[in-house]
Amino acid sequence: MNARERITRIMNFQVPDRIGMYDGYWTDTLERWKREGMPADLDIGREFSHDLCPAGFDQGLGFEEVTLEEDEQTRVTRDSFGMTQRYWKGAKQGVPHQIDRLIKTRADWQEHKHRLAPSKDRFKYNVAEFLAALEAAGMYRVYWYLEPFELTWRFFGFKETLELMATDPEWAGEMFQACADQVIGTYEIALAQGATYDGSWAGGDIAYRNGPFFSPQMYRDLLMLHHKRIFSYFNSRGLPTMYHGDGDCRPVLDDLIEAGVRAIQPCEVKAGMDIVALKAKYAGRLVLFGGI
């Protein structure tokens, strides 16, 4: 059984020959391993028998990326989303500190929303050739993207997006819709270029250690319809949807399944995502990915 067959069986709630394998690695972890003797050119995926490979694209707004200030430990940049943030330098990683943003008002949104449009230029590599090579290697190929909430706060601000969902849900919904248009439209561009995928993988943290960032009702009222539109689009084309969401998303897990999620990742243990309890409740309805 090759990797593609293995993950396909898992995503269809069938028993594979072994557990499916995939992980991501912090830059500082990789740097530490190199100091401890890991060859710099080591293929991590091959070394740890990864079975799937995410293939993403640039979801930014096309602003020029510039460094605004720098010291020994940090760097302040304005990124392609128009966000000014302070980052750790070098191998050290962590959540960046948001300082400012370019899109603040409805007028700003109207001026710049075209920057979210799908485009072949969002692929910084030959996507058809890359996926063909993965297919030849027997890998499970995943179309990876930021879902609408995660993508919106990348250009509008995290706290600001949450506030907008409460104070102006119509505007928040308009931005979520534009983000969904980007995800689906860019996939169709990849298909037109000859790319083929086996699954889709949405990235979007909608919860933290103590629960979702917003109420389950707000999820159903504002975000779920956009999730359902995206996930049903891929599911109907034979690409089952994985969902990356940190934190305790149990209060909205049934809603995510209804929206079309087939697998949940990373099942964050410290947030109470107990895979034994989840398995008992969701066997045959949800693939559990992670739980380490």
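This is a short dialogue on reading helices, buried residues and a pocket in a predicted model.

Biologist: What should I know about the model before I start?

Modeller: It is predicted: local features need pLDDT of at least 70, side-chain atom pairs count only at pLDDT 80 or more, and totals for chains, interfaces and linings use all residues. Residues are numbered from 1 along each chain as its sequence is written, and side-chain values use heavy atoms, with hydrogens and water left out.

Biologist: Which residues of helix α5 are buried?

Modeller: Terms come before the case. Helices (H or I, at least four residues) and strands (E, at least two) are DSSP runs, numbered from the N terminus. Buried means under 20% relative accessible area, exposed over 50%, partly exposed in between (1.4 Å probe, protein chains only). In α5, residues 127-136, the buried ones are Val127, Ala128, Leu131 and Leu134. They share a side of α5 because they cover an arc of only 125° around the axis. That arc is taken from the directions from the helix axis to the C-beta atoms. Glu129 and Ala136 are exposed on the other side of α5.

Biologist: What covers the buried residues of α5?

Modeller: The cover includes β1, β6 (140-146) and α8 (169-192).

Biologist: How do I read the ends of α5 and α11?

Modeller: Look for polar contacts at the start. A polar contact is a pair of N or O atoms within 3.5 Å; within protein, one must be able to donate a hydrogen and the other to accept it, and residues adjacent in sequence count only if both atoms are side-chain atoms. Asn126 caps the N-terminal end of α5, with a side-chain oxygen 3.3 Å from the backbone nitrogen of Ala128. Gly138 follows α5 and has a positive phi, near 80°. Helix α11 (residues 275-282) is capped at its N-terminal end by Asp274, with a side-chain oxygen 2.9 Å from the backbone nitrogen of Val276. After α11 comes Gly284, with a positive phi near 85°.

Biologist: How many residues of α6 are buried?

Modeller: Eight of the nine in α6 (residues 148-156). Among them are Phe149, Trp153 and Phe156. At the start of α6, a side-chain oxygen of Glu147 reaches to within 3.1 Å of the backbone nitrogen of Phe149. Gly157, just after α6, has a positive phi of about 100°.

Biologist: Is Tyr243 in strand β10 buried or exposed?

Modeller: Tyr243 counts as buried, at 1% relative accessibility. Contact means heavy atoms within 4.5 Å. Not counting residues up to four places away in sequence, Tyr243 touches several residues, including Glu147, Trp201, Phe231 and Leu256. A polar atom of its side chain lies 2.8 Å from the backbone oxygen of Gly204.

Biologist: Where is Asp248?

Modeller: Asp248 sits in the loop between β10 (241-244) and α10 (253-259). Asp248 counts as buried, at 8% relative accessibility. Its side chain makes a polar contact with that of Arg250 (2.8 Å).

Biologist: How much space lies in the second largest pocket?

Modeller: Rolling a probe the size of a water molecule over the atoms shows where empty space is left. On a 1 Å grid over the protein atoms alone, a pocket is an open set of points where a 1.4 Å probe fits, with protein on both sides within 12 Å along at least five of seven lines; lining residues have an atom within 4 Å of a point. The second largest pocket holds about 400 Å³. Of its 19 lining residues, Asp43, Gly45, Arg46, His50 and Met139 are the closest to its centre. α3 (44-47) and β1 (52-55) each supply at least two residues of that lining.

Conventions. Grid points are joined across faces, edges and corners, and a volume is the space filled by probe spheres set on the points.
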